[in-house]
Amino acid sequence: MFKRIAQTAGFTGLLAALLLTLLQSFWVAPLILKGETYEKAPAAEMHEHAEGAMAGHVHDEEAWEPENGWQRVLSTAGGNLVVAVGFALMLAALYTLRTPKSAREGVLWGLAGYAVFVLAPTLGLPPELPGTVAADLTQRQIWWVGTAASTAVALALIVFAQHWLLKVVGAVILVVPHMVGAPQPAVHSALAPEALEAQFKIASLLTNAVFWVALGWISAWLFRRSDAPATRPGLNPAL
Amino acid sequence: MSISTPHQTSGTTITTVVTATLSQRLVAAVSAMFLGAFLVYFAGFSHIDAVHNAAHDTRHSSAFPCH
């Protein structure tokens with residue numbers, strides 16, 4: 001059973017990561033590089049980590065960093081692959097409990113993943129270009145994880161709960177993180193122009209939407225496909 | 001070496017797949033869920049400098065808190 005989950009997640013992650021890397025390379029990464037030119041120009045010496053944004057974090061100047069160009073693209077592709085396989089593992093795990101009836105149902109799972117891991121967190125912490133002032137990193141990460149987790153529970157209750165009261169509880173849980181509010185910096189400021197930030201937000205939200213729909217659709221298709229030979233006795237080789 | 005008849009073999013296979021109990025499925029699902037969360041955490045949230053630098057564009061693009 002775990003093999004089926006792993007196979008589904010591995011292949012889905014690979015395909016979705018390739019798609020994401022392609023979209024990023026043409027659309028998102030150029031905006032990040034442009035953002036970095038503003039970041040590096042006025043404050044070459046002041047790295048954003050040096051502001052004490054990370055508690056207990058000492059920026060190590062010697063840490064490896066990919067060179068711009070192919071090294072950076074490959075490194076990002078690797079990052080995408082790990083994240084995509086991770087998300088696909090979560091989807092395939094859910095499929096073992098509730099098998100999608102069609103690959104199209106996987107698209108709905110993908111959209112749910114998009115709502116949980118992109119839409120809900122970005123309501124409080126929008127996608128940011130390098131050089132944007134933000135609150136303490138750990139605080140933001142905690143809010144991000146809390147928001148994603150509560151949105152997942154909330155959606156599950158709203159969609160699957162039988163009793164109306166549980167659906168109402170789901171709706172309340174959905175709103176709570178946004179009532180609490182994401183950690184915000186004392187003063188908002190960004191080095192990149194507003195128009196570039198706005199463009200980056202749209203690019204990030206749309207590429208992630210495509211990524212999640214692809215992830216849901218491919219994972220459901222592969223998960224259902226891997227079950228086919230075992231449930232059709234006539235096709236068992238049995239030799 | 002024991003030889004099982006074709007009928008037995010296919011019967012066993014089907015039984016294993018169909019009657020995977022709920023607890024077995026739960027264990028597989030929860031472990032896969034944890035493994036998946038760990039992978040996302042490692043690439044997207046880890047404070048290790050080299051990992052941050054390598055997955056920098058992934059983090060910004062996915063709207064994970066980065067800096």
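Of the 239 residues in chain A, 37% are buried, and I should say straight away that what we are looking at is a predicted model, so please hear every value in that light. Chain A has six helices and zero strands, which along the sequence gives the pattern α-α-α-α-α-α. If we take the contacts in chain A between residues at least 6 apart in sequence, 83% of them join residues at least 24 apart.

Let me turn to helix 3 of chain A, which covers residues 103-124. At 1.5 Å a residue, its 22 residues should span 32 Å, and because the end C-alpha atoms are 32 Å apart, the expected and the modelled span agree. Helix 3 of chain A nevertheless has a kink of about 40 degrees, and that kink is centred on Ala115(A). A number of residues in helix 3 are buried, among them Gly113(A), Tyr114(A), Val116(A) and Phe117(A), and also including Gly106(A), Trp109(A) and Pro121(A).

Helix 5 of chain A, residues 164-180, can be put to the same check: its 17 residues should span 24 Å, and the end C-alpha atoms are 25 Å apart, which agrees. Just after helix 5, Gly181(A) takes a positive phi of about 90 degrees.

Next, the annotations. In an unreviewed entry, UniProt lists "transmembrane region" for chain A at residues 73-95, 107-126, 141-159, 164-182 and 202-223. In the model, residues 141-159 of chain A are 100% helix and 0% strand, with end C-alpha atoms 27 Å apart, while residues 164-182 of chain A are 89% helix and 0% strand, with end C-alpha atoms 29 Å apart. For chain B, the UniProt record, again an unreviewed entry, gives "transmembrane region" at residues 26-44, and that span is 100% helix and 0% strand in the model, its end C-alpha atoms lying 26 Å apart.

Finally, how many residues of chain B are in contact with chain A? There are 37 of them, and they meet 56 residues of chain A. On the side of chain B that touches chain A, the elements giving two or more residues are helix 1 (6-18), helix 2 (22-44), helix 3 (49-54) and helix 4 (56-61) of chain B. Helix 2 of chain B provides the largest share of that side, with 14 residues. Sorted by class, the side of chain B that touches chain A has 21 nonpolar, 13 polar and three charged residues.

Terms used
Residues numbered from 1 in each chain as written. Chains lettered and ligands numbered in written order. Predicted model: local features only at pLDDT ≥ 70, side-chain atom pairs only at ≥ 80, totals over all residues. Helix = DSSP H or I, 4+ residues; strand = E, 2+ residues; numbered from the N terminus. Expected span 1.5 Å × (residues − 1). Contact = placed C-beta atoms within 7 Å. Nonpolar A, V, L, I, M, F, W, Y, C, P; charged D, E, K, R; others polar. Buried ≥ 20, exposed ≤ 12 C-beta atoms within 10 Å, placed from the backbone. Bend = angle between axes of the 7 residues up to and from the residue. UniProt positions renumbered as here; feature names shortened; annotations may be inferred.
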